[in-house]
Amino acid sequence: MDLGIAGKWALVCGASKGLGRGCAQALLREGVNVVIVARGAEVLEATAAALQADPLRPVSAVVQAVAADITTEAGRAAVFAVRKDFDIVVTNAGGPPPGDFREWDREAWIKAVDANMLTPIELIKATVDGMAARGFGRIVNITSSAVKSPIDVLGLSNGARGGLTGFVAGVSRSSLAAKGVTINNLLPGAFDTDRLKSGMQSASSKTGQPIDAIREVRMKAIPAQRFGHPEEFGAICAFLCSVHAGYMTGQNVLADGGAYSGTF
Ligand code: NAD
């Protein structure tokens, strides 16, 4: 299927690794020009080089790297100094740490809300009016399956992402919808990324269980009996960004191998 977005410009945040990288790769393969953002310049440049070398990338599609912390005003200014008129924006940043809510102070909450709620809102605010004026726009927010099925130790994530989800439910149904701009959330379950590995690593250090045993138990709990691959997450993101998904807005799309057990 031709997704009809070749030649468009995308901003993909948190794209040096994991799910963001998967989204950047999928968009590039569709001929989209992509600006990738992450904090560490070295890993980001290596990712840009690898994406550039992807044999499935049409030669016309360019990748540009901006090393910046997207959760700061200065970081966002650095990105928008490179380009303002993005057609596609994939919002993403590291998720908040797990823990006990009794130990989270105001600072911990502000950090989580900043990264996982206010940053996507700032990115939406900065780009959707331009998209609407041009008659096409796609925002995809990488959130979490925990929005639908909360995990107790991820209270910071549940709270901050819940706030973003409420905001998106409203703004996606504003006058932007009639101007070709869609805003959707893509909710990962367990995907095989560094974040997932570090979570299992810390569980292993705490319990003394070998990491392979923890991995096995977690996979067995998922109907698909495996973790997702960033490439398949990227493919879903690219479809949401395609011309074919223009009638789909304000949705929370789960990609979790069937882990969420519910009819809706
Ligand atoms: P990851 O750690 O593998 O990659 C995160 C990427 O974001 C890296 O490129 C990192 O450099 C970048 N990044 C982090 N903070 C940033 C910032 N402030 N500014 C710019 N770049 C930043 O993580 P992942 O597994 O790809 O997860 C992406 C998001 O999805 C996270 O918010 C995570 O909580 C959420 N999530 C992941 C899973 C999973 O199973 N992998 C499940 C549910 C939710």
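**A first look at this fold**

The protein chain is built from eight helices and seven strands. Keep in mind that this is a predicted model. With 264 residues, a compact globule would be expected to have a radius of gyration near 18 Å, and the protein chain agrees, coming in at 18 Å.

**Overall shape and surface**

- Along its principal axes, the C-alpha trace spans about 55 × 40 × 40 Å.
- Of the chain's 264 residues, 45% count as buried.
- The accessible surface adds up to about 12,600 Å², and carbon and sulfur atoms hold 56% of that.
- There are 26 positive and 24 negative charges, and their mean positions sit 3 Å apart.

**How the chain comes together**

- Take the contacts with a separation of 6 or more: 74% of them link residues 24 or more positions apart.

**Inside the protein**

- In soluble globular proteins, nonpolar side chains tend to be buried together.
- Here, the largest nonpolar core has 34 residues, and Leu27, Val34, Ile36 and Ile88 make the most contacts inside it.
- Helices and strands both chip in: among the elements giving two or more residues to this core are α1 (18–29), α2 (41–52), α8 (230–240), β1 (9–12) and β2 (33–38).
- The top contributor is α1, with six residues.
- Another core, of 26 residues, lies apart from this one and includes Ala68, Ala93, Ile139 and Val181.

**One residue to look up**

- Leaving aside residues up to four places away in sequence, Ile36 touches a set of residues including Val12, Ala24, Leu44, Leu51, Val63 and Val66.
- Thr47 and Gln64 are also among the residues that Ile36 touches.

Key:
Residues are numbered from 1 along each chain as its sequence is written. This is a predicted model: local features need pLDDT of at least 70, side-chain atom pairs count only at pLDDT 80 or more; totals for chains, interfaces and linings use all residues. Side-chain values use heavy atoms; hydrogens and water are left out. Helices (H or I, at least four residues) and strands (E, at least two) are DSSP runs, numbered from the N terminus. The radius of gyration is taken over C-alpha atoms; the globule rule is 2.2 Å times the number of residues to the power 0.38. Buried means under 20% relative accessible area, exposed over 50%, partly exposed in between (1.4 Å probe, protein chains only). Contact means heavy atoms within 4.5 Å. Accessible areas come from the Shrake-Rupley method with a 1.4 Å probe; for residues, only the protein chains shown count as cover. Lys and Arg count as positive and Asp and Glu as negative; His and the chain ends are not counted. The place of a charge is taken as NZ of Lys, CZ of Arg, CG of Asp or CD of Glu. A nonpolar core is a set of buried Ala, Val, Leu, Ile, Met, Phe, Trp, Tyr and Cys residues joined through side-chain atoms within 4.5 Å.
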